[in-house]
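Here is a short round of questions and answers on one protein chain. Keep the structure open as you read.

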Amino acid sequence: QVQLVESGGGSVQPGGSLRLSCAASGFNSPYYAIAWFRQAPGKKREGVVCISSSGSTRHYADSVKGRFTVSRDNAKNMVYLEMNSLKPEDTGVYYCAGAMELLGPDSGTWYQVSEYRYWGQGTQVTVSS
């Protein structure tokens with residue numbers, strides 16, 4: 001079955017950087033999009049970034065544009081989220097989510113939780129001085 005496993009979370013001071021990784025396995029087709037969501041205590045889960053199967057299409061939430069970069073290495077079945085200039089409001093549990101592209105997310109829906117069938121267990125990111 002499909003598994004998504006996140007790693008790389010931790011604690012960092014404001015202005016610092018972290019790199020999250022998502023290891024994907026079990027997909028029966030290479031055509032799957034991967035998104036990163038985050039959830040702060042008491043708040044809804046929100047879409048942060050999404051990358052297409054080829055890596056040619058990427059979507060970013062306005063709140064992270066210019067600071068976060070998503071990439072993927074399909075040979076290793078890995079997706080990465082490079083987070084720079086971190087702010088306290090970036091704090092939360094970060095989840096990796098997967099969806100097959102045939103009926104999957106597009107530019108108008110990529111940030112919706114309901115678009116993704118597969119989820120990882122999450123990794124905590126804390127930005128605090």
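Q: What counts as a strand here, and how are strands numbered?
A: A strand is a DSSP run of E with at least two residues, and numbering starts from the N terminus. That gives meaning to a place such as that of S85, in the loop between β8 and β9. One caution: this is a predicted model.

Q: How many helices and strands does the protein chain have?
A: It has zero helices and 11 strands. Along the sequence the pattern reads β-β-β-β-β-β-β-β-β-β-β.

Q: What makes the protein chain as compact as a globular protein of its length?
A: Set two values side by side. The radius of gyration is 14 Å, and the globule rule gives 14 Å for 129 residues. The two are close, so the chain is as compact as a globular protein of that length. Its C-alpha atoms fill a box of roughly 45 × 30 × 25 Å along the principal axes.

Q: Why is S85 called partly exposed?
A: Buried means under 20% relative accessible area, and exposed means over 50%. S85 has 41%, so it counts as partly exposed. The phi of S85 is near 50°, a positive value in a residue other than glycine.

Q: Is N77 buried, exposed or partly exposed?
A: N77 has a relative accessible area of 36%, so it is partly exposed. N77 is found in the loop between β7 and β8. Its phi is positive too, near 55°, and N77 is not a glycine.

Q: How do you know that β7 and β8 are paired?
A: Two strands pair if DSSP finds at least two bridges between them. Six bridges join β7 (residues 68-73) to β8 (residues 78-83). Six meets that cut-off, so the strands pair. They run antiparallel. In this pair, V70 stands opposite L81, and D73 stands opposite M78. The two strands form a hairpin with four residues between them.

Q: Which residues of β7 lie on its covered face, and which on its uncovered one?
A: F68, V70 and R72 are on the covered face. T69, S71 and D73 are on the uncovered one. In a regular strand the side chains alternate between the two faces of the sheet.

Q: What makes β1 and β7 edge strands?
A: Start with the order. The open sheet of four strands runs β1-β3-β8-β7, with antiparallel pairing. β1 (3-7) and β7 each have a single partner strand, so one side of each is left without a neighbour in the sheet. The twist averages 15° from one strand to the next.

Q: Why is the link between C22 and C96 called a disulfide?
A: The cut-off is 2.5 Å between two cysteine sulfur atoms. The S to S distance for C22 and C96 is 1.9 Å, so the pair qualifies. The count comes to one disulfide. Its torsion about the S-S bond is about -70°, so the disulfide is left-handed. C22 is in β3 (residues 18-25) and C96 in β9, 74 residues apart. Both cysteines are buried.

Q: Why is C50 not bonded to another cysteine?
A: The closest cysteine sulfur, in C96, is 10 Å from the sulfur of C50, so it is too far for a bond. C50 is at 4% relative accessibility, under the 20% limit, so it counts as buried.

Q: How do you know that G92 is buried?
A: Its relative accessible area is 2%, which is under 20%, so G92 is buried. G92 is found in β9 (residues 92-100). Leaving aside neighbours within four places in sequence, G92 is in contact with Q39, A40, T123, Q124 and V125.

Q: Which residues touch the most other members of the largest nonpolar core?
A: They are L4, W36, F68, L81, M83, Y94 and Y116, out of 35 residues in that core. β4 (32-39) gives the most to this core, with six residues. In soluble globular proteins, nonpolar side chains tend to be buried together.

Q: What does Y116 contact beyond its neighbours within four places in sequence?
A: Its contacts are A35, F37, C50, A97, G98, A99, P105 and W110.

Q: What share of the chain counts as buried?
A: Of the 129 residues, 47% count as buried.

Methods:
Residues are numbered from 1 along each chain as its sequence is written. This is a predicted model: local features need pLDDT of at least 70, side-chain atom pairs count only at pLDDT 80 or more; totals for chains, interfaces and linings use all residues. Side-chain values use heavy atoms; hydrogens and water are left out. Buried means under 20% relative accessible area, exposed over 50%, partly exposed in between (1.4 Å probe, protein chains only). Axes are lines fitted to C-alpha atoms, for helices over the stretch in contact, and angles run from 0 to 180 degrees between N-to-C directions. Contact means heavy atoms within 4.5 Å. A nonpolar core is a set of buried Ala, Val, Leu, Ile, Met, Phe, Trp, Tyr and Cys residues joined through side-chain atoms within 4.5 Å. The radius of gyration is taken over C-alpha atoms; the globule rule is 2.2 Å times the number of residues to the power 0.38.
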